[in-house]
Amino acid sequence: MDKPETDHEPLLEEDRIRGVVNSPRERVPPSESEDYSWVDKLSPVKKRITGITLAMFSGCMYGLNFVPVIYAQQHYDGATDNGLDYVFAHFSGIYATSTLYFILYCMYTRNKPAVFPRAFLPALLSGTMRAVAQAAWFVANQRLQESVSFPIITTGPSLVGTLWSVFYFREIKGTRNAVILVAVFAVTITGALLTSFSF
């Protein structure tokens, strides 16, 4: 018995309106989508400049991630050296800041934020993984020096992310790019090993 045609239609018509349906055939044109980003209006050169600038800013923020904890440990009498003692305060700051950013975003969009229901569970899962990794990072900072632990820990995720790009998303193609990638891997792993051996 054939199913009625309505069974093949999405339950939420809003998905079509907002342009968040996975199938490219069901996406609405960017000009008609509420989720049309300001980045989409930029030229390729401006997109590249914007991406590089935001990446540099993000890198600076990651680099300053542990500065408050290290400053407290080095400048306040009685400050504990146990990194896990700072986890709750650190995570509370992350939660408060992300909540503030979301409130500002809601105000900017006049209480019409673009939310993606399919991303909720993956976001919670990735946040949990990040929390476990961050707690382990505090322990690594305690056992090693920050100058040693930071390069080693930041190297691993970048290598894993690159492997996802190669084997799953297939964003890196061609012999020339593969050779460059192998050379980058070699330099990165060598640097991490030399850093660890220097401790």
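Contact means heavy atoms within 4.5 Å. The model shown in these views is predicted.

**View 1. Surroundings of Asn65 in the loop between H2 and H3.** Apart from neighbours within four places in sequence, the residues in contact with Asn65 are His90, Arg130 and Gln134. With His90, the side chain of Asn65 makes a polar contact of 3.0 Å. Asn65 has a relative accessible area of 14% and therefore counts as buried, since the cut-off for that class is under 20%.

**View 2. The largest nonpolar core, with 7 residues.** Its members are Phe66, Val69, Tyr86, Val87, Ala135, Trp137 and Phe138. Helix H5 (residues 120–143) provides the largest share of this core, 3 residues. In soluble globular proteins, nonpolar side chains tend to be buried together.

**View 3. Contacts of Trp137, one of the residues of the largest nonpolar core.** When neighbours within four places in sequence are set aside, Trp137 is in contact with Phe66, Ser149, Phe150, Ile153 and Thr154. Among these partners, Phe66 also belongs to the core.

**View 4. A nonpolar surface patch of about 640 Å².** The patch is made by Phe57, Met61, Leu64, Val67, Tyr71 and Tyr76. At least two of its residues come from helix H2 (44–63), and at least two from helix H3 (67–75). Tyr76 lies in the loop between H3 and helix H4 (87–108). Tyr76 counts as exposed because its relative accessibility is 51%, the cut-off being over 50%.

**View 5. Arg110 in the loop between H4 and H5.** Phi of Arg110 is near 55°, a positive value in a residue other than glycine. Most residues other than glycine have a negative phi. Arg110 is exposed, and its relative accessible area is 72%.

**View 6. Arg170 in the loop between helix H6 (146–167) and helix H7 (175–197).** Although Arg170 is not a glycine, its phi is positive, at about 55°. The relative accessible area of Arg170 is 52%, so this residue is classed as exposed.

How values were computed:
Residues are numbered from 1 along each chain as its sequence is written. This is a predicted model: local features need pLDDT of at least 70, side-chain atom pairs count only at pLDDT 80 or more; totals for chains, interfaces and linings use all residues. Side-chain values use heavy atoms; hydrogens and water are left out. Patches are made of residues with over 30% relative accessible area and no salt bridge: like charges are joined within 9 Å, nonpolar side chains (Val, Leu, Ile, Met, Phe, Trp, Tyr) within 5 Å. Accessible areas come from the Shrake-Rupley method with a 1.4 Å probe; for residues, only the protein chains shown count as cover. A salt bridge is a side-chain nitrogen of Lys or Arg within 4 Å of a carboxyl oxygen of Asp or Glu. Helices (H or I, at least four residues) and strands (E, at least two) are DSSP runs, numbered from the N terminus. Buried means under 20% relative accessible area, exposed over 50%, partly exposed in between (1.4 Å probe, protein chains only). A nonpolar core is a set of buried Ala, Val, Leu, Ile, Met, Phe, Trp, Tyr and Cys residues joined through side-chain atoms within 4.5 Å. A polar contact is a pair of N or O atoms within 3.5 Å; within protein, one must be able to donate a hydrogen and the other to accept it, and residues adjacent in sequence count only if both atoms are side-chain atoms.
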